[in-house]
Amino acid sequence: TDDFVRSGSNLKLKRMKSIFDGATISYGRYDRLSGKLTVLPEGRTILRLGHAPIIVLRVSVVSAAKKMTSFPVDISLTPAPDFFRLFSFKNGLLSPVDASKFKFNLTHISVGGLTLEESGNYQLQARNCFGTGSKTIKIRVQAPTTLLPPFFPNDPIPVNCNNSLVIRCRASGYPAPRIAWVYTGSPDVSTWTNASDDGFRVTNESVLTFRHVDRYDGVNSDYTCVAYNDVGNDTNQTFRLNVSCTPGFCSLNAVEISNDTIVARIDPPRIDGGKPVHRYRVRIGSQEKFVDKFNENKSITFDNLEPGSSHELLCAAYNKFGSGPVKITQNDTKNHPRQAKAEDALVVVDCNRVTLSYVVSGDDGSPVLAYEFLYGPSPDNLTRSALVSVPDKPNKIENLKSNQEYSWKIRARNEFGWGEYSRVAEFHTEECSTPTKGGGQEGGLRGGSVSGSQTV
């Protein structure tokens, strides 16, 4: 009665001091007077003492290869379990593992045939007549490296010149894969590697960075990402670049400049981008022209420009990949001399000769280098000319007809060319009292220190 307590029709075990495994308990009617116990037919039972299995794992993380990998386990034998099972534990759900992938005895568990994707938490369960015991274990599956889909799926990778480029190489496996780059391109590249561990498998990512791609990075250049660990063979992937390079700068250089015209030539680019230049786009002011490759050494004339103004000269070269950068230069059109005025000239008539003095400056301060005189018997018949190369000296036209009306006009030249003719003016020769020298040939031009004069 010290070991049991009665509660209604139930008999509860109060303590286990004198109870042992296999003890027999009998119960029935008890006669207080005679002290006899009449055992009822159903009132005999045998006590079994024990508990649910207790699982003790000596490791918390197991590295499993494709073949069977064993690790030790301690399980209480009170009594020995009669059922073992391994469950995968993902997303809060337990799923039984195929029995072909694990083996169990009372001291070891063997796991094998798992894939890298099956790495994760697992629950080991053991059951006996007293209940079920469980323990969670983390299993990391050893696997050779596997390259994950590349950041650039295209091969070769399209890229434009002077752009930056990043190529990512990602590999998974356990143990953690190591990544190396092998390349034969520009040394102007850098790499960095970053490993991430989600608790069950390691993913490595390595980045190859091009700061400024040029066309040589895509010529006979392979960039190979090699991933490896201690399990299995190395894996690699090769990347190639398809570099599109437009030409470099071309220049439009003025070789001749007048007041309203610029004659220019193309200075081809030093870099053609790997593909030949086939045409140029040139522009001065609002005038734009396209020049093919075969005419790049020929002069290009832009006329009807505003005199004395600054003009931008633009040039761009084209190849298969498109237009190169535009280069702009500046040039100013020049001013011819101001229009000469015949009425401002100093005209001195002496019999059949005339002395002319005339000086005019260019609008931009360029001095006059020469004058040209046209004269004749009428404004519509100015056929005779006289060129004066020293304009600051008086110049004479001799052997004219005496007592004759003449029409004439004048124009000036500076370093930028000839200006416009003046309006037509007149002078009248006098009647000479004595015969003239020179045999009557009309139209000689003379003057102090005159050079380049001609006689008509």
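This report walks through strands, disulfides, salt bridges and a surface patch in one protein model.

The model is predicted, so local features need pLDDT of at least 70, side-chain atom pairs count only at pLDDT 80 or more, and totals for chains, interfaces and linings use all residues. Residues are numbered from 1 along each chain as its sequence is written, and side-chain values use heavy atoms, with hydrogens and water left out.

## Strands and sheets

Strands here are DSSP runs (E, at least two residues), numbered from the N terminus. Two strands pair if DSSP finds at least two bridges between them.

One open sheet has four strands in the order β5-β7-β11-β10, with antiparallel pairing. Which strands form its edges? They are β5 (55-57) and β10 (102-104), and each pairs on one side only. From one strand to the next, the twist averages 30 degrees. The angles behind such values run from 0 to 180 degrees between N-to-C directions, with axes fitted as lines to C-alpha atoms.

Look inside this sheet at β7 (residues 69-75) and β11 (residues 108-111). Four bridges join these antiparallel strands. F71 has I109 as its bridge partner in β11. In a regular strand the side chains alternate between the two faces of the sheet.

Now move along the chain to β25 (residues 279-284) and β26 (residues 287-292). They pair in the antiparallel sense over six bridges. I284 has its bridge partner, Q287, in β26. The two strands form a hairpin with two residues between them, and G285 takes a positive phi near 60 degrees there.

## Disulfides

A disulfide is a pair of cysteine sulfur atoms within 2.5 Å. How many disulfides does this rule give? The count comes to four. With the bonded cysteines numbered in sequence order, the pairing is 1-4, 2-3, 5-6, 7-8.

Three of the disulfides are described here. Buried means under 20% relative accessible area, exposed means over 50%, and partly exposed lies in between (1.4 Å probe, protein chains only).

C161 and C245 sit in different loops: C161 between β15 (157-160) and β16 (165-174), C245 between β22 (241-244) and β23 (251-257). They are 84 residues apart, and their disulfide links distant parts of the chain. Their sulfur atoms are 1.5 Å apart. The torsion about the S-S bond is about 50 degrees, so this disulfide is right-handed. C161 is buried at 19% relative accessible area. C245 is buried too, at 2%.

C250 is joined to C315 by a disulfide, S to S 2.1 Å. The torsion here is about -115 degrees, so the disulfide is left-handed. C250 lies in the loop between β22 and β23, while C315 lies in strand β28 (residues 310-319), 65 residues apart. Both cysteines, C250 and C315, are buried.

C351 is joined to C432, S to S 1.3 Å. Their S-S torsion is about 130 degrees, so this disulfide is right-handed. C351 lies in the loop between β31 (346-350) and β32 (353-357), and C432 in the loop between β38 (425-428) and β39 (444-447), so the pair ties together parts 81 residues apart in sequence. Both C351 and C432 are buried.

## Salt bridges

A salt bridge is a side-chain nitrogen of Lys or Arg within 4 Å of a carboxyl oxygen of Asp or Glu. Side chains of opposite charge can pair when their charged atoms come close. The structure holds seven salt bridges, including those in this table.

| Salt bridge | Closest N and O atoms |
|---|---|
| K101 and E118 | 3.1 Å |
| D230 and R178 | 3.6 Å |
| R411 and E372 | 2.8 Å |

Are R411 and E372 buried or exposed? Both are buried. By contrast, D230 is exposed at 64% relative accessibility, and R178 is partly exposed at 40%. K101 is partly exposed at 22%, and E118 is partly exposed at 22%. D350, R353 and E398 are linked in a network of salt bridges.

## A surface patch

Y30, L37 and V39 form a nonpolar patch on the surface, with about 290 Å² of accessible area together. Such patches take residues with over 30% relative accessible area and no salt bridge; nonpolar side chains (Val, Leu, Ile, Met, Phe, Trp, Tyr) are joined within 5 Å, like charges within 9 Å. Areas come from the Shrake-Rupley method with a 1.4 Å probe. Y30 belongs to strand β3 (residues 24-31). Y30 is exposed, with a relative accessible area of 55%.
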